[in-house]
Amino acid sequence: MTLDPQAQLILDLAERSTRPLLQSLDPTAARIQYAETVAAVAGDPPTGVDVEASSIPGPAGEIPTRLYRPQDAEGSLPILVYFHGGGFVIGDLDTHDIPCRRLCLSGGCLVVSVDYRLAPEHAFPAPVEDSWAATRWVVDHATDLGGDPSRVAVGGDSAGGNLAAVVCHLAKSAGAPALVYQILIYPGTDATGSLPSHEILGHGYRLTKELLRWFMDHYFSDGGDRRQLTASPLFADDFSELAPAFVLIAGYDPLKDEGRAYADALQNAGVSTEFVDYEGMIHGFITMGGLVDAATEALEQCGEALRKAFS
């Protein structure tokens, strides 16, 4: 593998930064710094999307959401329910606004971005509970949103990819809703960090072993078995009959092995799975579209996969 020059630029900028490491901050300060960092590299939002603030009833109150619709769309549209990344501790509707806009346009679909509760204030399994509740609500109210309840997919990046994968397992176990697709962008599927890439790529590529430990310590601050399905979907007993999947990993990402292993588990269980490796990229690159061309390319590729699934 060769690190992409644009990814190297991101790493060089981070190396020269005088800002403290995220794991040295309290969660509130880390959220502010992460949001500012994303805003600096995200680029300009694409046009042609109508955006509406909304909310969904959740197990602990209203869950803030954001609804995206292509401006030129007519009729009942398919829906993508999207969960943002950020290690279950940082990230929000704003940090992932541009990726959701691009998925809306490239996928030709409504996108419901879900601002699930964050740890450590709301530790595991609160984000899972919010994501599951939001997905069921979207399916039940798809017509009200201008969507098609028979064409609902889930997706997310990093921690959000974990939540999307978990929701697919929960839907299978419950017998509903019948999700048609899952988009998993460098998903976290093993909360124990047991695979080799955590060591091999755990330093020097933005997402470090120390930062991962900080995320997981906050996420599991109330305890819980990190190997259970709702924490680590890679350790599920059965992968058959899950929604077809698009799994994307980055070559210089400590999560790459668990993303690849999850794609293999799906394929071995007979689940139609498209697997893509952005070999020169680092974790989090889809939010860096202002400096990294591959961000837009990857989101276009995800959107194309969604269009095929929805058709």
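Student: Leaving aside neighbours within four places in sequence, which residues is phenylalanine 83 in contact with?

Tutor: Its partners include Val114, Tyr116, Leu163, Ala164 and Val167. They are called contacts because contact means heavy atoms within 4.5 Å. This is a predicted model, where local features need pLDDT of at least 70, side-chain atom pairs count only at pLDDT 80 or more, and totals for chains, interfaces and linings use all residues. Residues are numbered from 1 along each chain as its sequence is written, and side-chain values use heavy atoms, leaving out hydrogens and water.

Student: What makes a set of residues a nonpolar core?

Tutor: The members are buried Ala, Val, Leu, Ile, Met, Phe, Trp, Tyr and Cys residues, joined through side-chain atoms within 4.5 Å. Buried means under 20% relative accessible area, with a 1.4 Å probe and protein chains only. The largest such core has 66 residues, of which Phe83 and Tyr219 touch the most other members. A second, separate core holds 39 residues, among them Val49 and Leu248.

Student: How many cavities of 30 Å³ or more does a search of the whole structure find?

Tutor: Just 1, and the largest cavity has about 40 Å³ of space. It is called a cavity because, on a 1 Å grid over the protein atoms alone, a 1.4 Å probe fits at its points but cannot get out; lining residues have an atom within 4 Å of a point. The volume is the space filled by probe spheres set on the points, which are joined across faces, edges and corners.

Student: Which residues line the largest cavity?

Tutor: Among them are Ala42, Ile98, Arg102 and Leu299.

Key. Buried < 20%, exposed > 50% of the residue type's maximum accessible area, 1.4 Å probe, protein only. 1 Å grid on protein atoms, 1.4 Å probe; cavity = no way out; pocket = protein on both sides within 12 Å on 5 of 7 lines; lining within 4 Å.
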